[in-house]
Amino acid sequence: MECIIEGLRINYDVYGKGPSVVFLHGWGMNGTTFFDLANNLCEKYQVYTIDLPGFGKSDLLKALDISEVCSIIHEFVEQNKIIKPTLICHSYGGRIGMMYASRYETSGLVLISSPGLKKKLSLVKKMNIVIYKLAKKININLPFGSSDYKNANEVLKKMLVKTVNYDLRQEMTKINTPTIILAGENDKVVLLSEEERINKYIKNSKLIVIKGASHFPYLERKREVSLIIMAFLEGIM
């Protein structure tokens, strides 16, 4: 299915009936990444899996910041007449979910391997950024940056820079909805220390460490994560 929001075609799927659950995927992914988890929930809930702007089959015309993507998700919620959704988010989707929950009414928030704090750059990284920008001015592309950055087109590169440079701690302190934070014990992308800090910023949040998992607990520990989320939903909806 698709809808038009702010001139963008947004692709999504919807399953089941009941209280609404909206999934927000990570960077470079799309809504289908949640297929198994959504399938487990759709017997009791109406589940929406969205391709975020620029991913899957959804459009992207310019580099959007987190606030702009959040507004698009809110318009999606309004168009579909969803009342107080529970958001289940992974990684990049968690950034959007945190901003959404700080602005709009939600029933609950599930953050899976989700960052949100701007990292302090080391002197070496600062120097690399200066060198990269100087090289780019004379049309030399140096192999700096994360794999997400290297694999992105120019619009998505700008969008990624906007995303990682936005610190969400003020938004975190405004979140009042029940929240669980699922962290992979061996996650090298979003370290457990960052998840612990996020847990302190968000009131009514509970941190759950998934043993042996890395950055994709919902794929690596499907049954365990599914049971945790189902128990959470039972308690709030």
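Strand 7, spanning residues 179-184, is mostly covered in this predicted model, with six of its six residues counted as buried. The strand pairs in the parallel sense with strand 6 and also, again in the parallel sense, with strand 8. The chain as a whole holds ten helices and eight strands, and 46% of its 237 residues count as buried.

**Strand 7 and its partners**

- Thr 179, Ile 181 and Ala 183 point one way from strand 7, while Ile 180, Leu 182 and Gly 184 point the other way, and the residues of both sets are buried.
- In a regular strand, side chains alternate between the two faces of the sheet.
- Strand 6, which covers residues 108-112, is joined to strand 7 over four bridges, and within this pairing Leu 111 has Ile 181 of strand 7 as its bridge partner.
- Strand 8, which covers residues 205-210, is joined to strand 7 over six bridges, and here Ala 183 has Val 209 of strand 8 as its bridge partner.
- Between strand 7 and strand 8 the chain passes through helix 8, made up of residues 192-201, and the resulting β-α-β crossover is right-handed.

**Nonpolar cores**

- The largest nonpolar core comprises 43 residues, and of these Ile 96 and Met 98 touch the most other members.
- Helix 2, residues 66-79, gives the most to this core, contributing seven residues.
- When neighbours within four places in sequence are left aside, Met 98 is in contact with Leu 109, Leu 111, Ser 114, Pro 115, Gly 116, Leu 168, Met 172, Ile 175, Ile 198 and Ile 202; of these, Leu 111 is the residue whose bridge partner in strand 7 is Ile 181.
- Another core, of 23 residues, lies apart from the largest one, and its members include Leu 41, Ile 88, Val 110 and Ile 228.
- In soluble globular proteins, nonpolar side chains tend to be buried together.

**Second largest pocket**

- The second largest pocket encloses about 150 Å³ of space and is lined by ten residues, among which Leu 117, Lys 118, Lys 119, Glu 194 and Arg 197 lie nearest its centre.
- Helix 8 supplies the largest share of the lining of this pocket, namely three residues, and helix 8 is also the element through which the chain crosses from strand 7 to strand 8.

**Contacts along the chain**

- Among the contacts in the chain with a separation of 6 or more, 71% are accounted for by residues 24 or more positions apart.

Key
Residues numbered from 1 in each chain as written. Predicted model: local features only at pLDDT ≥ 70, side-chain atom pairs only at ≥ 80, totals over all residues. Heavy atoms only, no water. Buried < 20%, exposed > 50% of the residue type's maximum accessible area, 1.4 Å probe, protein only. Helix = DSSP H or I, 4+ residues; strand = E, 2+ residues; numbered from the N terminus. Pairing = 2+ DSSP bridges. Right-handed = clockwise from strand over helix to strand, strands pointing away. Core = buried A, V, L, I, M, F, W, Y, C linked by side-chain atoms within 4.5 Å. Contact = heavy atoms within 4.5 Å. 1 Å grid on protein atoms, 1.4 Å probe; cavity = no way out; pocket = protein on both sides within 12 Å on 5 of 7 lines; lining within 4 Å. Points joined across faces, edges and corners; volume = space filled by probe spheres on them.
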